[in-house]
Each structure stands twice: as C-alpha cells, then as structure tokens.
Amino acid sequence: MASQTPIQSHLVSSNEKYASTFTKGDLALPPAKKYAVVTCMDARLDPAAAYGIDLGDAHIIRNAGGNAQDALRSLVISEQLLGTEEILLIKHTGCGMLTFDNVTAAGLVRQHLGDAGVKELARFAGDFQTFTDLEAAVRSDVAFLKESPLIPETVTVSGWVYAVETGKVRKVV
Ligand SMILES: [Zn+2]
C-alpha cells in the first residue's frame, strides 16, 4: 500500500469508524427538503449542525465567501435537475474575504506561481469576489440570484449572516 500522509490516515481511520455504524445508504438523490444552502468554506462553520441539515435534506454549496456567482453552476443543477425550490445564502462574520483584495491576491499568485499563474486568473477575470461590507455583500448576492435568468422566479432566496463568535444566524434580507 502506498504511503499515506497524516491527513489521509485520518480520513481512513475516521471513515472506518463512521461506516461501521452507517445506516443511511438508501436515501434518494434529490434533497428531501428541496432547498440549497450557499455558504462559506470557512473551517469554523459546521453547516449541518449549525443550520439543522440532516443527511439527504439539502444541497450545501460551499466556496470562499459563500459566493453566489461561484455557486451558480451548482444552483442550476440543484434546481433544474434535482428539484430544489429555495435558497439560503449564508455568509459569516470574520470572513477571510473581508481581509484582502484582488491586487493582493494577484500579487501572491505572481510571487508563488509566476506569470503562468497570473495569466490563468483570466478564468475568473482576476476577481476573487472579496468584499468590504458583510451585509452589503449578502444583499448584493441575493439580488444577483433574484435577477439571474438562471434562477426561476418561483425560487425563494434569502440572505443571512452567521456569527462565528456565537454560533447564531440572523436574517439580513
Ligand atoms: Zn468566509
């Protein structure tokens, strides 16, 4: 057997324990509660626990910042192929996306990955979708989804902030 990193070993041992008592192998593919959550990849967020999502209930789409544009491809699949009818967009306090800008990020890419890396930033127009105002970012992402021709009018979209300091969510829009 090929050697494993400590992270890989952790995966294997944790999963053995998980699978040994696993009983939910017969869930349907479409989310039972017909909704999708867009939220941040931040390591301090536990969406299943904090947002009350049981296995099989909802799609959880995570990316840097809980970004709506980044999530759009997955949301179209969620709605058109798998029947979801509501979107919860949940950003959070202390988000890393509040801490840098495109120029800084592009500078790091240039420093570590060179011109080839910088050129490749064109894949997302060099826009890391950072923000300076958390609530404004929630509002503009919700507006983006509501205005998108790819999101049906019938889909309910709401925007929330999760506080990493307290574990509480509050509705913004
Ligand atoms: Zn974040």
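**A zinc site beside an open sheet**

Colleague: Across which strands does helix 3 lie, and at what angle does it run to strand 2?
Modeller: In this predicted model, helix 3 covers residues 68-80 and lies across strand 1, strand 2 and strand 3. Relative to strand 2, helix 3 runs at about 160 degrees.

Colleague: Which strands does helix 5 touch, and what angle does its direction make with that of strand 3?
Modeller: Helix 5 spans residues 134-147 and packs on the sheet. Its contacts there are with strand 3, strand 4 (156-162) and strand 5. The direction of helix 5 makes an angle with that of strand 3 of about 160 degrees.

Colleague: What is the order of the strands in the open sheet?
Modeller: The sheet is open, has five strands and shows mixed pairing. Strand 2 and strand 5 (169-171) stand at its edges; each has a single partner strand, so one side of each lacks a neighbour in the sheet. From one strand to the next, the twist averages 25 degrees. The strand order is 2-1-3-4-5.

Colleague: In which sense do strand 1 and strand 2 pair, and over how many bridges?
Modeller: Strand 1 comprises residues 35-40, and six of its six residues are buried. One of its residues, T39, has R62 of strand 2 as bridge partner. Strand 1 and strand 2 (residues 58-63) pair in the parallel sense, and the number of bridges is six.

Colleague: How many bridges join strand 1 to strand 3?
Modeller: Strand 3 (residues 86-92) runs parallel to strand 1. In this pairing, Y35 has E86 as its bridge partner, and V38 stands opposite L89. The number of bridges joining strand 1 to strand 3 is five.

Colleague: Which residues are the protein donors of the zinc ion?
Modeller: The donor atoms are two SG atoms and one NE2 atom, lying 2.0 to 2.3 Å from the ion. In sequence the donor residues follow the spacing C-x51-H-x2-C. They are C40, H92 and C95.

Colleague: Is H92 buried or exposed, and what is its relative accessible area?
Modeller: The limit for a buried residue is a relative accessible area under 20%. The donor C95, at 1%, falls below that limit and is therefore buried. H92 is likewise buried, with a relative accessible area of 0%.

Colleague: At which residues does UniProt place the feature "binding site"?
Modeller: The annotation comes from an unreviewed UniProt entry, which lists C40, D42, H92 and C95. Although these positions are spread over 56 residues of sequence, they cluster in space, with a largest C-alpha distance of 8.8 Å. C40, H92 and C95 are protein donors of the zinc ion in the model. The annotated residues are thus C40, D42, H92 and C95.

Colleague: Which residues does D42 touch, not counting residues up to four places away in sequence?
Modeller: D42 is located in the loop between strand 1 and helix 2 (47-50). Its relative accessibility is 14%, and it therefore counts as buried. Leaving aside residues up to four places away in sequence, D42 touches R62 and H92.

Colleague: Which residues does C95 touch, not counting residues up to four places away in sequence?
Modeller: The loop between strand 3 and helix 4 (102-120) holds C95. Leaving aside residues up to four places away in sequence, C95 touches C40, G65 and F131.

Colleague: Are K91 and D141 buried or exposed?
Modeller: The structure holds six salt bridges. In one of them, the side chains of K91 and D141 meet at 3.0 Å, N to O. This pair links distant parts of the chain, 50 residues apart, with K91 in strand 3 and D141 in helix 5. Both residues are buried.

Colleague: How far apart are the closest N and O atoms in the salt bridge of E135 with R170?
Modeller: E135, at 29% relative accessibility, counts as partly exposed. R170 also counts as partly exposed, at 41% relative accessibility. In the salt bridge of E135 with R170, the closest N and O atoms are apart by 2.8 Å.

Colleague: Which residue forms a salt bridge with E120?
Modeller: E120 counts as partly exposed, at 40% relative accessibility. Its partner counts as exposed, at 69% relative accessibility. The closest N and O atoms of the pair are 2.2 Å apart, and the partner of E120 is R123.

Conventions. Residues are numbered from 1 along each chain as its sequence is written. This is a predicted model: local features need pLDDT of at least 70, side-chain atom pairs count only at pLDDT 80 or more; totals for chains, interfaces and linings use all residues. Side-chain values use heavy atoms; hydrogens and water are left out. Donors are N, O and S atoms within 2.8 Å of the metal (3.2 Å for Na, K and Ca); water is not among the atoms, so sites may look incomplete. Buried means under 20% relative accessible area, exposed over 50%, partly exposed in between (1.4 Å probe, protein chains only). Helices (H or I, at least four residues) and strands (E, at least two) are DSSP runs, numbered from the N terminus. Two strands pair if DSSP finds at least two bridges between them. Axes are lines fitted to C-alpha atoms, for helices over the stretch in contact, and angles run from 0 to 180 degrees between N-to-C directions. Contact means heavy atoms within 4.5 Å. UniProt positions are given in the numbering used here, feature names are shortened, and annotations may be inferred rather than shown by experiment. A salt bridge is a side-chain nitrogen of Lys or Arg within 4 Å of a carboxyl oxygen of Asp or Glu.
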